[in-house]
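Good morning, everyone, and thank you for making the time. I would like to walk you through a structure that is new to this group, so please have a look at it before I go on.

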Amino acid sequence: MIVQVKSLKKRYKKDWVLKGIDITIEEPQIIALVGPNGSGKTTLLNCMTNLLSFNEGSVEILGKANTAPSLFYEISYLQDNRILYGNLTAYDHLKFICRVQKLPFSRIQEVAERVGMTSYLKRRVRNFSLGMKQHLLLAMVILNKPKLLLMDEPLNGLDPTSAINMRNILLELYKEGTTIIISSHNLDEIDRLTNTIYFMKDGALLKESLKELTVIHYELTVSDTEKAKGILEEEGLPFTSNDQGQLGFKETDVPLQTIIGLLYGNGIEINHIDNQKAGAEKRYRELFEERATV
Ligand SMILES: Nc1ncnc2c1ncn2[C@@H]1O[C@H](COP(=O)(O)OP(=O)(O)OP(=O)(O)O)[C@@H](O)[C@H]1O
């Protein structure tokens with residue numbers, strides 16, 4: 001068992017922020033943690049890594065209570081860049097981690113090259129841009145090749161090239177057996193990284209696989225909607241229709257080519273085809289519509 005969180009509850013004074021979180025991860029995966037500002041994502045990650053105590057429930061990681069000292073060598077947690085020291089260089093940070101993690105210093109160059117930060121390795125962090133700090137944080141958490149990697153908003157401030165590089169690094173780690181839990185507001189990037197999303201809502205998690213949500217839907221505007229409906233019903237093909245007379249289909253139910261052939265064959269013209277690929281953003285809007293439109 002990689003992660004087993006049971007009925008985890010956490011409150012700050014009277015406010016319950018986590019109201020009973022359950023997470024079971026048995027095999028390496030990449031999981032995205034998504035939710036509005038203040039929904040409790042950081043609190044959850046802090047509780048899981050034992051940086052924060054919780055009020056009720058239990059957290060086990062790699063079969064041990066999350067307080068077990070040996071986990072220090074097996075998990076990594078990318079937090080925000082306030083943990084960095086302005087007066088130290090990137091190299092100093094990485095050397096410190098090598099010392100406490102008992103890793104050879106040769107790992108530093110290896111990781112710096114992988115992350116793409118060799119040119120400013122010896123510079124003081126004080127003068128780093130936001131993206132450079134994110135690179136350093138990434139280098140710091142992958143030094144020990146963790147079995148579980150938790151990441152709080154790792155994509156902040158990354159330019160597109162760096163975001164792609166980070167995605168590739170995470171996918172490589174995952175292929176090597178690392179489980180990754182990543183909180184992010186960048187839903188496009190999440191879509192590219194994983195199909196498994198935990199939406200954080202009202203102190204609870206809604207676990208969803210986007211496999212179903214990423215099925216392609218298409219909508220057709222045709223010359224004679226009523227006639228088309230009759231033909232589709234006769235053929236027993238599943239479809240929906242809306243007020244504007246559009247007919248909706250799921251690619252998995254009926255391939256588009258089949259519908260086109262059938263309608264044309266019956267003298268119905270297709271005026272417009274609209275493809276819709278649902279994804280993390282669409283689902284987010286459905287779940288948090290009020291907040292998303294503010
Ligand atoms: N130390 C604290 N004391 C009191 N309340 C806190 C503390 N830390 C967080 N909170 C509150 O707990 C709630 C959850 O905060 P948290 O930082 O976990 O959310 P988040 O989902 O990570 O937000 P964001 O997306 O903005 O990073 C918020 O209402 C926040 O104000």
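I will begin with the protein as a whole, then turn to one sheet, and end with the ligand.

Please keep in mind that what you see is a predicted model. Its secondary structure comes to eleven helices and 14 strands, and the C-alpha atoms fill a box of roughly 75 × 45 × 35 Å along the principal axes. The radius of gyration is 24 Å, whereas a compact globule of 294 residues would have one near 19 Å. Of those 294 residues, 30% count as buried.

Now to the sheet, which is an open one, made of four strands in the order β2-β1-β4-β5, with antiparallel pairing. Because β2, residues 15-25, and β5, residues 64-65, stand at the edges and have a single partner strand each, one side of each is left without a neighbour in the sheet. The partner of β2 in this pairing is β1, residues 3-12, and the two run antiparallel over eight bridges, with Y12 standing opposite D15 in β2. Helix α1, which covers residues 41-48, lies across β1, β2 and β4, and runs at about 60 degrees to β2.

Which residues, then, are around the ligand? They are Y12, V17, G35, N37, G38, S39, G40, K41, T42 and T43, so that Y12, which we met opposite D15, appears here again. The helix α1 gives the most to this shell, with three residues, and by class the shell holds two nonpolar, seven polar and one charged residues.

Note on methods
Residues numbered from 1 in each chain as written. Predicted model: local features only at pLDDT ≥ 70, side-chain atom pairs only at ≥ 80, totals over all residues. Pairing = 2+ DSSP bridges. Contact = placed C-beta atoms within 7 Å. Axes fitted to C-alpha atoms, helices over the stretch in contact; angles between N-to-C directions. Near = placed C-beta within 6 Å. Nonpolar A, V, L, I, M, F, W, Y, C, P; charged D, E, K, R; others polar. Rg over C-alpha atoms; globule rule 2.2 N^0.38 Å. Buried ≥ 20, exposed ≤ 12 C-beta atoms within 10 Å, placed from the backbone.
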